[in-house]
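Biologist: Can you pull up the model for me? I have a few quick questions.

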Protein chains: 2
Amino acid sequence: MAKQNNVYKDAYNRCLALLGAGESLPSEPELGTTLGVSRTTVRSILSRMEERGLIEWNKRSKLVLRAPAPDDFFPDDETDSLSQIIERSFMRRLLAGGAQAGMQINELELAREIGVGTTSVREFLIRFSRFGLIEKRRNSHWVLKGFTKSFALELTEIREMFELRSAAAFAALAKDNPVWTDLDAMEQEHHELIAAIGTRYGEFSELDERFHRLIHSASHNRFIVDFYDVIAMIFHYHYQWNKTNEPGRNKIALQEHLQYIAALKSGKLDQVEKACRRHLKSARETLLQSIPESWQ
Amino acid sequence: MAKQNNVYKDAYNRCLALLGAGESLPSEPELGTTLGVSRTTVRSILSRMEERGLIEWNKRSKLVLRAPAPDDFFPDDETDSLSQIIERSFMRRLLAGGAQAGMQINELELAREIGVGTTSVREFLIRFSRFGLIEKRRNSHWVLKGFTKSFALELTEIREMFELRSAAAFAALAKDNPVWTDLDAMEQEHHELIAAIGTRYGEFSELDERFHRLIHSASHNRFIVDFYDVIAMIFHYHYQWNKTNEPGRNKIALQEHLQYIAALKSGKLDQVEKACRRHLKSARETLLQSIPESWQ
DNA sequence: AAAATGTCTTTTGACGATAAAAGACATTAT
DNA sequence: ATAATGTCTTTTATCGTCAAAAGACATTTT
């Protein structure tokens, strides 16, 4: 097989959600924009929907015949992109413990075990290398540097530099800048999540990422903005890894965010710095706690 | 063709330089270490040297028969790695002017024009993306962000943050740390280069990179150290691009380095900061001047 | 016995091929 | 005349393949 049609399958599943709403579907270009795919893929989706009796399709008219049933959806594991599959598989091995610093990474072996071609694994490793966890030996294997304490410290050092600077830039933005509206909306979301933290604590991770990305965007610096990808990646897996007292930790973080937001709104730089430092310090400590002692 | 044997050719050329010196060559493993290649490649090199009558090879004895002649060397363009070829070719187009921000980058077209496979071009673009000059649209083309003024400003902003921090860490290192010896040697090199700046100004670029990398290494932070790759890459092509008053500019930079070195040795943090700031400011201005107005 | 050599196996680097997905252009509908 | 559709071309994502290069192991030399 040359290429999986997961883009089509994923877009098809997302398109099923649009069926309930109206009486008929919008035009092909509009659907393409909504789903983030080309018209070619939209037309494949519409073809299948017609075949499965979900819609009646005749040129511009796309009448919805019935609501989608559970078995209309493609299975979740068929909608993942290859790079997601490889990333998950790779991170599972990395965090599963057996991964010692200095270990060699074998492209061919990885590809065989995951069941994909070597090209995809190579490309993944090249993209992954910017996270600072692996390193290439010229004309030879990759070396695992390990998810160690010093990795976490180096990562958070940069994070703190970048976020302090971004926060200061944010606080200095004119009050008519649309980011303040975004911040207000997020503040509201924080209150709602704290109120229901007992059941909704799992939603913290996503809100946390959106909040910090908003602040970093104020730096107007692509290197700072891009670096948040590294942080988000590490924290994403860290959250999956360390579940001890998750609701409690998340509630504290949310409260720190609220103080941080208040400081930003006040426009007082010393308060912004203080609130930012406090929050980043506890984020760092949480990250450090999740690294097993054995990895030093 | 599956793979070029440029590793072998490059190592062969470098190995020819070792022939003049002694009466016979060292062992295969030792040669491998010296040349940075495997024993397999070393043995291919020795085979060819024997065929060409350069050495007499019998097991451990590798007697040198004659000094290498100019036509013993492989042509320079056969010793470059594919990624170097692609990088040069890509940067030439980028700096040749026709490259407007927002332009699409076509993998297939690039591959055809350079005369290489698409896989190599894809891998190059993925690696290159960390320089912040291009961006990928999912399932689609790459977009050129352009070598613009704002790119230069974002790059130098990070550079200044990282280098100020590294310089402070450097100045605080214990006096018995081996980096001080390296710094002394480099100071000497600076004096020598300034004395002969009229003819040797072309050597500045390499010394500049070594000097700044030494300082960054004191940060003990992989993200700071790795970021110097981005700076080095941009300045490498910038130096090739902007040749106006090169000896003069380089002399000034060398003198700034000397003040910077003196400040580091003094251990006085305020002086280090001042010298570092002054040098980075003039480096930034030189970079900005080389960006054509038309690129805004 | 420690290191070097001879021989063989495995992995990396790079290519062409192919289905999926994007995109271009002419035609048709409102 | 603007936008949507039908049709066709081009590009991207991924694979299998193969030579170059690395690496492993047995054998030989000092």
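Biologist: Which residues come nearest to DNA strand D?

Modeller: This is a predicted model. Of the 43 residues around DNA strand D, the nearest are Arg39(A), Gly117(A), Thr40(B), Thr41(B) and Arg122(B).

Biologist: How many of the residues near strand D are nonpolar, polar or charged?

Modeller: That surface has 17 polar, 15 charged and 11 nonpolar residues.

Biologist: And which helices supply at least two residues each?

Modeller: From chain A, α2 (28–35), α3 (39–51) and α6 (118–128). From chain B, α1 (6–16), α3 (39–51) and α5 (107–114).

Biologist: Back to Arg122(B). How far is its side chain from a phosphate oxygen of strand D?

Modeller: An N or O atom of the Arg122(B) side chain sits 2.3 Å from a phosphate oxygen. For His141(A), the corresponding distance to a phosphate oxygen of strand D is 3.3 Å.

Biologist: What about a base oxygen? Which side chain has a polar atom 3.1 Å from one?

Modeller: Lys3(A) does, on DNA strand D. Of the strand D atoms within 4 Å of the protein, 67% are sugar or phosphate, and the rest belong to bases.

Biologist: New topic. In what sense do β1(A) and β2(A) pair?

Modeller: Antiparallel, over 4 bridges. β1 covers residues 55–58 of chain A, and β2 covers 61–64. Asn58(A) stands opposite Ser61(A).

Biologist: Which residue in that hairpin has a positive phi?

Modeller: Lys59(A), near 55 degrees. The hairpin has 2 residues between its strands.

Biologist: And which β2(A) residues are on the covered face?

Modeller: Lys62(A) and Val64(A). Ser61(A) and Leu63(A) make up the uncovered face.

How values were computed. Residues are numbered from 1 along each chain as its sequence is written. Chains are lettered from A and ligands numbered from 1 in the order in which they are written. This is a predicted model: local features need pLDDT of at least 70, side-chain atom pairs count only at pLDDT 80 or more; totals for chains, interfaces and linings use all residues. Side-chain values use heavy atoms; hydrogens and water are left out. A residue is near a molecule or strand if one of its heavy atoms lies within 4 Å of it. A polar contact is a pair of N or O atoms within 3.5 Å; within protein, one must be able to donate a hydrogen and the other to accept it, and residues adjacent in sequence count only if both atoms are side-chain atoms. Ala, Val, Leu, Ile, Met, Phe, Trp, Tyr, Cys and Pro count as nonpolar, Asp, Glu, Lys and Arg as charged, and the others, Gly among them, as polar. Buried means under 20% relative accessible area, exposed over 50%, partly exposed in between (1.4 Å probe, protein chains only). Two strands pair if DSSP finds at least two bridges between them.
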